[in-house]
2 protein chains.
Amino acid sequence: MGNADNYGYPSMMNNNNGENTGIHRVETPPPQPFFKSLKNTVKETLFPDDPLKQFKNQKPLRKFILGVQYFFPIFEWGSRYNFGFFKADLIAGITIASLAIPQGISYAKLANLPPILGLYSSFIPPLVYALMGSSRDLAVGTVAVGSLLMASMLGAEVNPAENPTLYLHLAFTATFFTGLFEVALGFFRLGFIVDFLSHATIVGFMGGAATVVILQQLKGILGLEHFTHATDVVSVLRSVFAQTHAWRWESAVLGFCFLFYLMLAKFLSQKRPKLFWVSAMAPLTSVILGTILVYITHAEKHGVAVIGELKKGINPPSIMDLSFGSKYMTTAIKTGIVTGVIALAEGIAVGRSFAMFKNYHIDGNKEMIAFGMMNIVGSCTSCYLTTAVNFNAGCKTAVSNIVMALAVMVTLLLLTPLFHFTPLVVLSSIIIAAMLGLIDYNAAIHLWHVDKFDFLVCMSAYIGVVFGNIEIGLVMAVGLSLLRVLLSVARPRTLVLGNIPNSMIYRNVEQYPNTNNVPGVLILDIGAPIFFTNSSYLRERISRWIDDEEDKLKSSGETTLQYVILDMGAVGNIDTSGISMFEEVKKNLDRRDLKLVLANPGAEVMKKLNKSKFIETLGQEWMFLTVGEAVEACNYMLHSCKPISSEDGSQKWSNNV
Amino acid sequence: MGNADNYGYPSMMNNNNGENTGIHRVETPPPQPFFKSLKNTVKETLFPDDPLKQFKNQKPLRKFILGVQYFFPIFEWGSRYNFGFFKADLIAGITIASLAIPQGISYAKLANLPPILGLYSSFIPPLVYALMGSSRDLAVGTVAVGSLLMASMLGAEVNPAENPTLYLHLAFTATFFTGLFEVALGFFRLGFIVDFLSHATIVGFMGGAATVVILQQLKGILGLEHFTHATDVVSVLRSVFAQTHAWRWESAVLGFCFLFYLMLAKFLSQKRPKLFWVSAMAPLTSVILGTILVYITHAEKHGVAVIGELKKGINPPSIMDLSFGSKYMTTAIKTGIVTGVIALAEGIAVGRSFAMFKNYHIDGNKEMIAFGMMNIVGSCTSCYLTTAVNFNAGCKTAVSNIVMALAVMVTLLLLTPLFHFTPLVVLSSIIIAAMLGLIDYNAAIHLWHVDKFDFLVCMSAYIGVVFGNIEIGLVMAVGLSLLRVLLSVARPRTLVLGNIPNSMIYRNVEQYPNTNNVPGVLILDIGAPIFFTNSSYLRERISRWIDDEEDKLKSSGETTLQYVILDMGAVGNIDTSGISMFEEVKKNLDRRDLKLVLANPGAEVMKKLNKSKFIETLGQEWMFLTVGEAVEACNYMLHSCKPISSEDGSQKWSNNV
């Protein structure tokens, strides 16, 4: 700071308020060895949450114990487990099981898989998650959107009705790849890829998928035998209305009654959160009621289709069914990855919202490894895609998952024959009731109010899914989201700053209409890192701002423009294209007899400007710590140098006056 | 600003310097109608250079004339043309022609096309550009990298030796699509897509392509008859050294002599810019000397291959040769687009550097339309891919292109028989000499010094092209460039700010090591727009900064943390995911008994925070115009409220003391 007097103007100046302001020197941070800075970058990119912090300064044995606890959190909280927790977990586990059993059967049918797979998938994966998962509140199970996505992607290659065994094996294989993909993402700390699915995308996509799932249930509700394979709303409605003669009123009446009951239960629980168990138990009671009703009335002979035979016994191994050599391999991998991304986006969002709500930390990458292991083990034990689901049943620890798994096991071993007469229409009602909750129109309205572009993304995903298919919707939404990010990088904002009266503060003239222009000085704020994607744009935009300002000054006959100050506070980084841009802007300004001044360049920018010698071209004396100091220096030059420009001896100033 | 006294603390405070500082109010900009703001966004995205500015407030006839001049700049500068310009253009045009003729023939051979196409392509396209182009300095012609790319992409589908007619027609079709693509990009103002090829990418890619082209010339230099179709360095060298017995020393000696002569001429011109014509004329004199030599010595019978018969006469029409229905259609379209992007990147860069150098404005999108029309017309008149080339021969206006075209026409009509005995080895030497100039190792060294990541991108492109193939190199470089941009969006910097002694300025503590911490206050600077891509990261990063700070304070036993100030100056925009992030951070801080304070939120951010009611959640009184004012308010609370917290009556403050 003592260097200010080298710059050719007094180091101390008085501003309007009589304040004593030293001119501060812009500093270049000390150079860092290449590998140290690389290490920092990699760490910041892949380990922003510093997961290995606890391992620092520990003895080897302690490190080993911490390591085991890290990958198997059950050993960490297991020792602190007590009876109070167990009571809560027992109730929660049974509640979840009563929800998971009917939903599992329903979603397996949605995926065109044998209904029993839904039960298998609610047995082994929760056990794996209890061992490896770090969230206390998550329950694990099958999900509707993932099931539908799997059906749609695998169904495009193999017809599940004609070739059920091949289809089943492909489903296991796809589940295996989902698991592998999830483990890989987590292990390489690439979980942030899931962040590229924005909230708006997920709202639209989930809403669309839920709409499609509901439309598919018309088959079950109306008791139809033939149904289109397409999922878009036009094909489905055409298919439904083309066979009005085949509608079965028995089935429809039953369906709407149960739907009404389920919605009522849900409405009650929402009104009174204490009654959440009413809603949680509703699906199971529906199944029981429906089954009894069919059994008594023999409705299965009057157009009400039933589940039929379910095999007794727990999961048979399926490791030999994974088919890695077949020609459908790419389909399986593609399906695995796409369903994996969607399942992760759902699971991580659920986990994170619990963690936020209850104030504990979740390591998303570690969770991904847990989800992945769950699917890999699942694919070898006759399970298909599972992920975290939002049951919110008051679990205390992952023991609730063990309780749930045990309840499902008992069902598998003893109770499967009871499902023989369960009418499909009840399952359809359960699915519809669950799906209606996924159509989050309030979120869409919120998006419309706050951010029109997010709303557009959301609607594209919805319309793409409902009128096209599930992949089209996903591609459209991700494409639009990325386009927005890339546009924000390609077209950063530039703002004109003005002086806030009686202060040294300079702010956007549009946001603060009572700011004053500084005569002869144009102050621009550059709003983003300067990369190859925006350097051409910024060059043109800066020159247009200058043109506009000169036109304005010319027409008003005021003083001419002399200085252009660029506020670099928001420029976090710069690449070589950006530096060339600065060199060209400098040349261009020199030609127009304007002086370029930089205010508040950051550490990274100073490093690069220094290495590329641009600081020498510009002159260190034309860089200031704040816009205020830059303006003061310009004003000083404008007013005091004019009469003595030739005697000054400093060619630098007199050029510009 | 008068509202400050509503906030519970005196509106005026004295800072250390005795300065009178009012607390300034953060303002939300007036709401804008949706369509107006949409219009602004679209305008800023697609028309950043405001090309229609000159049309404003003009009469219809004038508008028409301006419109014609806009699309055909020749009508604009034509009326100002004079004899002085003509003299310069005449010399420049002839110089360019003397370069373009041998290079045209050479590059056509590089593209596996009949040599005469190189001459055709130097006749019609320059005429089109003279009519429509807006750069005064550009010459138009064929380019080596584009030719090689075309040969590589089309050659993968059709063997030019076995099926020359089909290959030729595909080349015309690809050129047509290049033109169509360029016109479309320009017309829809999407030229900024070309910006996504960074300078580093282009340096690496061009260097790699030049290396590959040079390697290909070993065939001509060594007089080989058989040669590999692969372009990678390993295959080429293996092919060359597998047939050492077939090397022809006559050819090699001739080649190296001419190469030496060409390089010498280039070296001379670089030393003395006035002698630029020596370098410009060298290729033509080489051709003439080589031809005479072969004619006299009958070297064509001793292993020196010659061009042979060239058809006399100007371009025959080729519009009927465009094959839109064939099964190679997709190949043609793909080739057209890829070569189009590369040609544009080269052409626009050349044009822009001239425009910068001579201080006139180039509308990149308009230039693209001119290039595109040039290729569309060219594809109908037996020309292949052309773009702007950097000849720098002192042109004054586009008339030099007309002169050049006329010179080429004369050659086509009268002089083609003279090329019969031109040895191919001379063409190879010309290509090598031109390509050596494209290997810009100085630029690569500069990249290494200034930006290691740019260097990595550059080297990936180079290695991809040289060891893989031209498409692999391009994909790798573009992928890495985009990855960098996406990472910068996914992982924005966050910095801790400290107080610069004796000022109200707060800056990065790493860049300014002599800053002071403010006790009890953590100040973080967020360095990028907050979008779905980074909101999870920022949430975790902010909470880690707070953990670290609390650990530090705990171990040093100083005051506890009370306030977290987020400097939002660099946050240009925010989406709904970003707002959720703020809501979660606020909840999290509340739970830890910390107070969230925002400093300097911008216009867009204020709009969205306002619409989403976050301002109400936070409290308008916790937003400040500068970090300095925020710190002052926090200090005031920390020191003056402590003793009177209970009598204060303001629950808000006493919570935090």
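Which residue with a positive phi follows α22(B)? That's B:K613, with a phi near 65 degrees, and its helix gets a view of its own below. First, some ground rules: this is a predicted model, where local features need pLDDT of at least 70, side-chain atom pairs count only at pLDDT 80 or more, and totals for chains, interfaces and linings use all residues. Residues are numbered from 1 along each chain as its sequence is written, while chains are lettered from A and ligands numbered from 1 in the order in which they are written.

**View 1. Chain A as a whole.** Chain A holds 25 helices and 10 strands (DSSP runs numbered from the N terminus: H or I of at least four residues for helices, E of at least two for strands). Its radius of gyration is 33 Å, well over the 26 Å that the globule rule gives for 657 residues, so chain A is more spread out than a compact globule. That radius is taken over C-alpha atoms, and the rule is 2.2 Å times the number of residues to the power 0.38. Along its principal axes, the C-alpha trace of chain A spans about 110 × 65 × 55 Å. The chain is split into domain 1 (2-30 + 492-654) and domain 2 (75-487), with bounds from an automatic or database domain assignment. The C-alpha centres of these two domains of chain A sit 57 Å apart.

**View 2. Where the two chains meet.** Chain A and chain B each put 74 residues into the contact (C-beta atoms, placed from the backbone, within 7 Å). On chain A's side, helix α21 (residues 576-591) gives the most, with 8 residues. By type, that side of chain A has 26 nonpolar, 26 polar and 22 charged residues; here Ala, Val, Leu, Ile, Met, Phe, Trp, Tyr, Cys and Pro are nonpolar, Asp, Glu, Lys and Arg are charged, and the others, Gly among them, are polar. The copies meet through the same surface, because 100% of the interface residues of chain A are also interface residues in chain B.

**View 3. Around the axis.** Turn chain A by 180 degrees, with 0.0 Å of shift along the axis, and it superposes on chain B with an RMSD of 0.1 Å. So the two copies are related as by a two-fold rotation axis. In chain A, the C-alpha nearest that axis belongs to A:A570, 2.0 Å away from it. The fit is by least squares on the C-alpha atoms of residues with pLDDT of at least 70 in both copies.

**View 4. Helix α22 of chain B.** Helix α22 (residues 603-611) of chain B is largely enclosed by the rest of the structure, because 7 of its 9 residues are buried. Buried means 20 or more other C-beta atoms within 10 Å of a residue's own, exposed means 12 or fewer, and partly exposed is in between, with C-beta atoms placed from the backbone. Among the buried ones are B:V605, B:M606 and B:L609. The buried residues of α22(B) pack against α17 (441-450) and β6 (506-508) of chain A, along with α21 (576-591) and α23 (614-618) of chain B.

**View 5. Two loop residues with positive phi.** Though not a glycine, A:R189 has a positive phi of about 55 degrees. This arginine lies in the loop between α8 (164-187) and α9 (199-221) of chain A. B:N112, also not a glycine, has a positive phi of about 60 degrees.

How values were computed
Contact = placed C-beta atoms within 7 Å.
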